[in-house]
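Open the model in your viewer and keep the selection panel at hand. The stops below say what to select next and what is there.

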Amino acid sequence: MTKISKLTAAILMAGFSGSSWAAQSGVDDLILSVPGLMPSAVLEMSDEPGLWFKDPVDGDALVVLKPKQAAMIKMTDTNTEHTITSLLWPAGAENFPVDQEKPSSASVTQAFDKPGLYVFTCKVHPYMFGAVVVDDPDTKGLDIGKELQLVTGAKVPASSDIAKRLLRTFFVATTPSLWRDYSKPEWDVSLPDIPLNIEGNTISLSALSMTMPNELKKPATPGVGEVWVNTQFEMIEGKKKAGTATRINTGDWNVVSKFKGVKEDMNNPHNMWTDKRYQNIYQTAWFDKKLLTFDRVSGQTYSEVVVGESPSHVISRPSDGMLYVAINAGEQVVKMTGGKNPSAQKSINTGPHTSPHGHYITEDSKYMVTPNALAGSVSVVDLNTDTNTEIPTGGVIPIAVWGTPNGSTAYAANLLGTPPLLSSLTVIDIPGKKKLKDINLAADYDPVTGKISGEAYGLLPIQTPVSPDGKYVVTANTLSATVTIVDTATNKVVKSLPCEPGCHGAHFGMKKGGGYYAYVASKFANDLIVIDMDKLEVAGRVLLSDLKDGSITAHNGMGGQGILPLPIVEHGYLKETLKLSGKGELSPEVEGWLNALTPEQKGI
Amino acid sequence: MTTKIAVLIFCVFTFTHMAQANTESGKTHLITMKAAKLDSGQLAYQMVTHKIRDASGQTEDITHQYSTEPTIPGPAIMMTEGDKAEVTLEQDIKGSNEPVSIHVHGVHYKMDSDGTMKVFNHTADQAAFPGKPYTYKWTAAPGTAGTWPYHDHAFGNPMLGAEDKGLYGTLIINPKGGKVSAMIDGQIKQVDLKDIKREFILWMHETTFWGMELNHLANRQVPLWTNPTIGAREDELVRFHVIGIGTAFHTFHLHGHRWIQPGTSHLVDTVNIGPIVREAFVIKAGEGVGPGNWHYHCHVLQHMQSGMMGGFRVIEN
């Protein structure tokens, strides 16, 4: 946001001429070389929360150029590979979109011609945002443009509701001071008074400002067990990289502890899983290459294994406890032994340029389903033979999958929809290995006027688990900040509930006395939303920050992503744990959790 | 016996003294450079003054040959075997109090000119701070002829240098005899450096070439920035200096031309370039193939696909 004050200066200096030391050739017959582009601005991709495309001048994620100037985007400050991809740009802009086909460390130097807003992202980590505003010095206000084109092919007026939402989200995502901090009484998104030129009209950026009260509330009915949440942006003393795993006791809804990974410099922990005894937590480092294994109770690290670029999710196969780690900047899922020291056994190829993200294994252990972020497909892998069937879905950045308890149907969230649908879930017949249909998550939303005429209002869907009774698909939608609930009987959105900016992770946990809670975590907020699945209502909001912990240096409780509620609700997994009950194989704590479950929750 | 030893000592002393006298040109390069921040936030070196003092004490000022702004790559410093240099660096990086240095490759220097920090060299900080320049002394001793990189070895955390941000440049040590071998018209010949009018410096960083031309016709260093088109007239002798920086490994390839690897008769048209690895070679532009827009690029497929390429424009005479 330092940039914001600079933007005003940039506009005031509108008449300022180009750099004095640009191309010198051409004036001189002796020099026959022609200089290449000289970057007038640089965005360095980093692992730093909010500053994923960082301007080295002031640390902001936005640079302002004049037409004909160039910017360089480079990846010299990150531990993994990315793509540099245009998310939106002024329709008709020359040489656009920029899109790197597969993840790498390659830089891009790009000249900008048409005035307007250009937003870049990474298809592997699609909330990494950086922007270039090309401002024509002769127009009033900072040029946003007339018509913006989205990577999905859709063109929207720059004054449309969706464009404004994207603009506000850009500022919130890339400005940690604008994240929703529930330890404060209100959320104040106050944007400065910068004149923007949108479709020829001058509008102040401050028009996008807003204030909302922050109200925490512990759910009246406790849960059973605990919930682990990846507070992926939390900064810890002694660590260069961001992220912790926060452990919440659902008995009193308080933070029990945080696994910080200081010695390992754990980098952006994204998603977790456990073994059937609930002894180990397996943790992926998404902006890195590693899988960490630590003790659930003591927090002691057992092992740290390099598994590949950008490991996103980890899950086990119920029947044999083998681990499956999705290599998000690769094209494989690594199959590993369980235990304290997982070791890679096999690499299961999911198809060329697939970049699998949030995968799922059927409770009968027969199939694994991967959403292939870069390939617009879903892969169904037969786990008995490790053979892969890739199903093209037409989805743009399929990011997460979950399935029904009987293993028949999977739901894949397409972050950028299935064109022309702006926002969608693709329904997959798992054993049949085919696409059944798309569910429109934003059927009741008008992207131009912003009018919402019903429950179907979910934009940019991410995690999308299916309830243990198979009745509902709960989806965290990051742009609309809503949780949509789809009825699996009708495949229609039956409910839309408010969540937080950057709503991301979702999963189910046990409610005391029977039934389930859905837990939803958000990247740019530090609360965990608890949804009562019997009522389809928000039952509470629980703080993920620990205000007494002096070693948290920034973003306390922020960055909510992967969620692991224990006991695991899926019966295919739970039954393996229940088999060990009463045999001295489980800790008294875990035995206590199992004893608190109803027969329905146990699946008997 | 005593006499013999005395004679021996005398001889050794005289011989050593004479040997030194023979290898020294008597020329000292008095250089002041600064490290500065570009508008883009990248860092770069800039020449402030470059004077050459000869044995008689006369100085020639060649500062006008350099760009008047910081550039990536930084100024190309050209010396000859036998020359010495005193290079003073100023820290002029806006908004930073961090140390910045020059660590040079190839030439000889004493420990205090290493350009590293005390935490690594256990002696002293050999870096410039704002308002506190630091002077490095180099000797282009016999056998150091070649193209060498210099770069910062102090800026940033953990004080290992900001090569990635743009703090690097080229040091060219020409051989004392003034000649380099090259494959010209199908034969290995000794080319007189005076006959080379254009030199192209291409740094390979991640997926980008950063270029600079030393144009001896205009007596000027021309910054060429990213993935430039370099140009020469057909049949002109031109020298390339290709250097790697960063973490990536490259294969430099120039279309339509081939050259001998230095010190060998081995003919190549592609060369492996890892970080800080360099290759310098002389070719005759368009030899045997004629004029055209010849392509040059990194032959690592992914780098190529990311635009790591440019043109070598050979213009018909």
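Two strands count as paired if DSSP finds at least two bridges between them. Helices (H or I, at least four residues) and strands (E, at least two) are DSSP runs, numbered from the N terminus. The model is predicted: local features need pLDDT of at least 70 and side-chain atom pairs count only at pLDDT 80 or more, while totals for chains, interfaces and linings use all residues. Residues are numbered from 1 along each chain as its sequence is written, and chains are lettered from A and ligands numbered from 1 in the order in which they are written.

**Stop 1: strand 5 of chain A**

Select residues 85-90 of chain A, which form strand 5. Of its 6 residues, 5 are buried, where buried means that 20 or more other C-beta atoms, placed from the backbone, lie within 10 Å of the residue's own.

Now add residues 116-121 of chain A, strand 7; this strand runs antiparallel to strand 5 of chain A, and 3 bridges join them. Which residue of strand 7 of chain A is the bridge partner of T85(A)? The partner is T121(A).

Then add strand 10 of chain A, residues 147-150, which pairs with strand 5 of chain A in the antiparallel sense, also over 3 bridges. Here L88(A) has L150(A) as its bridge partner.

**Stop 2: the domains of chain A**

Colour chain A by domain: domain 1 covers 2-15 + 34-213, and domain 2 covers 229-602. These bounds come from an automatic or database domain assignment. Taken over C-alpha atoms, the centres of domain 1 and domain 2 of chain A are 29 Å apart. Domain 1 of chain A puts 34 residues into the contact and domain 2 of chain A puts in 44; two residues are in contact if their C-beta atoms, placed from the backbone, lie within 7 Å.

On the domain 1 side, select strand 11 (155-157) and helix 2 (161-173) of chain A, each of which supplies at least two residues. Helix 2 of chain A gives the most, with 6 residues. By class, the domain 1 side of this contact has 15 nonpolar, 9 polar and 10 charged residues. Ala, Val, Leu, Ile, Met, Phe, Trp, Tyr, Cys and Pro count as nonpolar, Asp, Glu, Lys and Arg as charged, and the others, Gly among them, as polar.

**Stop 3: two open sheets in chain A**

Go to strands 28, 29, 30 and 31 of chain A, which form an open antiparallel sheet in the order 28-29-30-31. Strand 28 (360-361) and strand 31 (387-392) of chain A are at the edges with a single partner strand each, so one side of each has no neighbour in the sheet. Strand 30 (residues 377-382) of chain A is joined to strand 31 of chain A by 6 bridges, and the two run antiparallel. Select D382(A) and look across to strand 31 of chain A: T387(A) stands opposite.

The next sheet to select is also open and antiparallel, with 4 strands of chain A in the order 32-33-34-35. Which strands stand at its edges? They are strand 32 (398-403) and strand 35 (434-440) of chain A; each has a single partner strand, so one side of each is left without a neighbour in the sheet. From one strand to the next, the twist averages 25 degrees, the angle being taken between N-to-C directions on a scale from 0 to 180 degrees, with axes as lines fitted to C-alpha atoms. Strand 34 (residues 424-429) of chain A pairs antiparallel with strand 35 of chain A over 6 bridges. In that pair, D429(A) faces K434(A) of strand 35.

**Stop 4: where chain A meets chain B**

Show both chains. The contact between them involves 28 residues of chain A and 33 residues of chain B. On chain A, select strand 1 (39-46) and strand 4 (70-77), the elements that give two or more residues to this side. Strand 1 of chain A gives the most, 4 residues. The chain A side consists of 14 nonpolar, 11 polar and 3 charged residues.

**Stop 5: chain B**

Hide chain A. Chain B has 3 helices and 23 strands, and 48% of its 317 residues are buried. Its domain assignment gives domain 1 (25-174) and domain 2 (179-315), with 24 Å between their centres. For the contact between them, domain 1 of chain B supplies 18 residues and domain 2 of chain B supplies 17.

Finish on strand 8 (146-151) and strand 9 (168-174) of chain B, each with at least two residues on the domain 1 side of that contact. Strand 9 of chain B has the largest share, 4 residues.

Note on methods:
A residue is buried if 20 or more other C-beta atoms lie within 10 Å of its own, exposed if 12 or fewer, and partly exposed in between; C-beta atoms are placed from the backbone.
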